[in-house]
Amino acid sequence: MDEIIHQPLRLKIMAALAATPGEPLEFKRLKAVTAATDGNLGRQLQTLAEAGYIAVIKDYAGNRPRTRAELTPKGDRAFADHVEYLGKLLRGF
């Protein structure tokens with residue numbers, strides 16, 4: 001079990017990012033998908049970034065700042081391993 005990914009909101013974030021490989025998701029999209037508050041989502045993104053599981057991209061779209069996130073190769077492997085672990089739990093090992 002991956003203690004970082006196992007937390008429910010972080011698991012939702014990782015699942016959303018894994019569903020869109022190579023396509024960073026905007027903060028507002030992640031917020032909608034996870035039903036998280038701005039502060040909680042920001043903190044969980046920071047935790048995942050500190051673990052090296054995601055990259056947080058801050059740039060501008062026109063004149064507006066935007067924050068996006070995408071899985072790193074390390075995060076992709078960690079998520080796949082965690083999903084495999086959960087599958088084994090469901091199957092009773």
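Which polar atom lies 2.9 Å from the backbone nitrogen of Ile 4? Select Asp 2 and Ile 4 to find out: the partner is a polar atom of the Asp 2 side chain.

Before going on, note that this is a predicted model, in which local features need pLDDT of at least 70, side-chain atom pairs count only at pLDDT 80 or more, and totals for chains, interfaces and linings use all residues. Residues are numbered from 1 along each chain as its sequence is written, and side-chain values use heavy atoms, with hydrogens and water left out.

**Stop 1: Asp 2**

Stay on Asp 2, in the segment before helix H1 (3-6). Helices (H or I, at least four residues) and strands (E, at least two) are DSSP runs, numbered from the N terminus. Asp 2 has 14% relative accessibility and so counts as buried; buried means under 20% relative accessible area, exposed over 50%, and partly exposed in between (1.4 Å probe, protein chains only). Now add Tyr 53, Ala 78 and His 82, which Asp 2 touches when residues up to four places away in sequence are not counted. Contact here means heavy atoms within 4.5 Å. For a distance across the model, pick the C-alpha atoms of Asp 2 and Asn 63: they are 61 residues apart along the chain and separated by 39 Å.

**Stop 2: H2 against H4**

Select helix H2 (8-18) and helix H4 (residues 38-50). The axes of H2 and H4 are 10 Å apart, at an angle of about 75°. Axes are lines fitted to C-alpha atoms, for helices over the stretch in contact, and angles run from 0 to 180 degrees between N-to-C directions. H2 and H4 are therefore roughly perpendicular to each other (angles under 35 degrees count as roughly parallel, over 145 as roughly antiparallel, 65 to 115 as roughly perpendicular and the rest as oblique). On the H2 side, show Leu 9, Arg 10, Ile 13 and Met 14; they meet residues of H4 including Leu 41, Gln 44 and Leu 45.

**Stop 3: H3 against H4**

Keep H4 and add helix H3 (residues 27-34). The axes of H3 and H4 come within 10 Å and cross at roughly 110°. This pair, H3 and H4, is therefore also roughly perpendicular. Phe 27, Leu 30, Lys 31 and Thr 34 in H3 meet Asp 38, Leu 41, Gly 42 and Leu 45 in H4.

**Stop 4: Ala 35**

Move to the loop between H3 and H4, where Ala 35 is found. Phi of Ala 35 is near 60°, a positive value in a residue other than glycine. Most residues other than glycine have a negative phi. With 70% relative accessibility, Ala 35 counts as exposed.

**Stop 5: the core around Leu 45**

Centre on Leu 45. Beyond its neighbours within four places in sequence, Leu 45 is in contact with Ile 13, Phe 27, Leu 30, Ile 54, Val 56 and Ala 69. Leu 45 is among the residues with the most contacts inside the largest nonpolar core, which has 19 residues. Such a core is a set of buried Ala, Val, Leu, Ile, Met, Phe, Trp, Tyr and Cys residues joined through side-chain atoms within 4.5 Å. H2 gives the most to this core, with 5 residues.

**Stop 6: Arg 68**

Finish in strand E3 with Arg 68, which is buried at a relative accessible area of 17%. A polar contact of 2.9 Å joins the side chains of Arg 68 and Asp 59. A polar contact is a pair of N or O atoms within 3.5 Å; within protein, one must be able to donate a hydrogen and the other to accept it, and residues adjacent in sequence count only if both atoms are side-chain atoms.
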